[in-house]
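Here is a friendly briefing to read alongside the model. It goes from backbone details to helices, core and pocket.

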Amino acid sequence: MARRIAIGLGLMEFPFSGAAAFWRWVDLCEQGGVDSLWQTDRIVSRQPILECMATLAALAGRTRRLKFGVNVVSLAMREPVLLAKQCATIDMLSEGRLLPGFGIGSPLAPEWAALGLEPKERGRRTDEALEIIARLWRGETVTYEGRHNRLREASISPLPVQPDLPMWIGGGSEAAIRRTARYGTGWQGGPETPEEAGAIVTAIRAALRDTGREIDEDHYGAAFAFRFGGADDPGVARFRAAYERRTGKSADGRFVIGDAAAILGRIAAYVEMGISKFILRPAAGDDAEMEWQTRRLIEEVLPEVARLWPRSG
């Protein structure tokens, strides 16, 4: 099967002055050929960040072409039956444009303490939720006895429009690799460099041989922040510092700052490692910057992606 390279855009914080500016940006992405829009899952924060599932529902009503998803929903913080119902509803109302992505959440996230959850249990909670959600999406009536979830004859309707609603799994740990091989229809990376992402893709493919499952060759994704400009631009230091606070990792090599050639070079490095789907986050701090960064990506990067990696069929 030929790989299809697709470029989506993602948001971490909400850098807009209000709803009107946000919708202008969404309209620009819809009209400009961006493949998909992605929201980050964050419930507790001092800075403005939209609640992810409500945002996806709003995008379903605003757009007609764009796909959309979350990179990634922290399953351990969500009730799985409700989340399965939300996803199915949004997929139905958008006529099959939802791209669900699931992960365990960062151990540094403030939600654990605020919501009274134990971060050490997030892996087990996630595995239970993935099984429940997958069964509900298949139309099963689910009775389940787990450590964190107990269900009796649970079902949802309507089911997702997509007969095999994608289940993208995030994370690069050995447990995440096993989880992807067991449940996932794709893998969506986060802060990994091209080399790190390539090693994870190789490990997932090896784990799939043990499970007897398959993942399409073009269902491996990566994400990175970009900025047209220079490393000394106002605000770049703030973006780097915010990344390091959020992840506990150095920002070196995690941002692509420069021109279209620099962004295309990073995309090509990922493609060489087996990555086909991309979530690019504009490093921009206000309405004007978001529009300018996005418009340059649409005009200078997307046409070159189409030329370098033409779609077949």
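**Backbone and packing at a glance**

Glu95 counts as exposed, because its relative accessibility is 68% and the cut-off for exposed is over 50%. Please keep in mind that this is a predicted model. The points below start with unusual backbone angles, then move on to two helices, the nonpolar cores and a pocket.

**Positive phi outside glycine**

- Most residues other than glycine have a negative phi, and most peptide bonds are trans.
- Glu95 has a positive phi, near 60°, and is not a glycine.
- You will find Glu95 in the loop that runs between helix 3 (80-93) and strand 5 (98-99).
- Glu153 is another non-glycine residue with a positive phi, about 55°, and this residue belongs to strand 8.
- With a relative accessibility of 60%, Glu153 counts as exposed, because the cut-off is over 50%.

**Cis peptide bonds**

- Asn71 and Val72 are joined by a cis peptide bond, with omega at about -10°.
- A cis bond also leads from Ser157 to Pro158, where omega is near 5°.
- Pro158 sits in the loop between strand 8 (150-154) and strand 9 (168-170).

**Around Val72 and Ser74**

- Val72 lies in the loop between strand 3 (67-70) and strand 4 (73-74).
- Is Val72 buried or exposed? Val72 counts as buried, because its relative accessibility is 18% and the cut-off for buried is under 20%.
- Leaving out residues up to four places away in sequence, Val72 touches Asp41, Gly101, Phe102, Gly103 and Gly170.
- The C-alpha atoms of Val72 and Pro100 are 7.8 Å apart in space, while the two residues are 28 apart in sequence.
- Ser74, in strand 4, has a relative accessibility of 7% and therefore counts as buried.
- Asp41, Gly103 and Gly105 are touched by Ser74, again not counting residues up to four places away in sequence. Asp41 and Gly103 also appear among the residues that Val72 touches.

**Helix 1**

- Helix 1 covers residues 19-32, and its 14 residues should span 20 Å at 1.5 Å a residue; the end C-alpha atoms are 20 Å apart, so the two values agree.
- Its buried residues are Ala21, Phe22, Trp25, Val26, Leu28, Cys29 and Glu30.
- The cover over the buried residues of helix 1 includes strand 1 (6-11), strand 2 (36-39), helix 2 (52-62) and helix 10 (287-308).
- Gly33 follows helix 1 and has a positive phi, near 90°.

**Helix 7**

- For the 18 residues of helix 7 (residues 194-211), 1.5 Å a residue gives an expected span of 26 Å; the end C-alpha atoms are 26 Å apart, so expectation and model agree.
- Buried in helix 7 are Pro194, Ala197, Gly198, Ile200, Val201, Ile204, Ala207 and Leu208.
- Which elements do the buried residues of helix 7 pack against? They pack against helix 6 (174-183), strand 10 (186-188), strand 11 (220-228) and helix 9 (260-272).
- After helix 7 comes Gly212, with a positive phi near 75°.

**Nonpolar cores**

- The largest nonpolar core has 81 residues, and those touching the most other members are Trp25, Phe102, Ile263, Ile267, Phe278 and Leu280.
- Helix 5 (residues 122-137) gives the most to this core, with seven residues.
- Apart from this core lies another one of six residues, among them Ala225, Phe239, Ala251 and Ala283.
- Trp25 ties the core back to helix 1, where Trp25 is one of the buried residues.
- Setting aside neighbours within four places in sequence, Ile263 is in contact with Phe224, Phe226, Phe228, Val256, Leu280, Leu297 and Val301.

**The second largest pocket**

- Rolling a probe the size of a water molecule over the atoms shows where empty space is left.
- How much space lies in the second largest pocket? The second largest pocket holds about 370 Å³.
- Its lining has 17 residues, and Ala134, Arg138, Asp164, Leu165 and Thr185 lie nearest the centre.
- Helix 5 gives the most to this lining, with five residues.
- By character, the lining divides into 10 nonpolar, three polar and four charged residues.

How values were computed
Residues are numbered from 1 along each chain as its sequence is written. This is a predicted model: local features need pLDDT of at least 70, side-chain atom pairs count only at pLDDT 80 or more; totals for chains, interfaces and linings use all residues. Side-chain values use heavy atoms; hydrogens and water are left out. Helices (H or I, at least four residues) and strands (E, at least two) are DSSP runs, numbered from the N terminus. Buried means under 20% relative accessible area, exposed over 50%, partly exposed in between (1.4 Å probe, protein chains only). Contact means heavy atoms within 4.5 Å. The expected span of a helix is 1.5 Å times one less than its number of residues. A nonpolar core is a set of buried Ala, Val, Leu, Ile, Met, Phe, Trp, Tyr and Cys residues joined through side-chain atoms within 4.5 Å. On a 1 Å grid over the protein atoms alone, a cavity is a set of points where a 1.4 Å probe fits but cannot get out, and a pocket is an open set with protein on both sides within 12 Å along at least five of seven lines; lining residues have an atom within 4 Å of a point. Grid points are joined across faces, edges and corners, and a volume is the space filled by probe spheres set on the points. Ala, Val, Leu, Ile, Met, Phe, Trp, Tyr, Cys and Pro count as nonpolar, Asp, Glu, Lys and Arg as charged, and the others, Gly among them, as polar.
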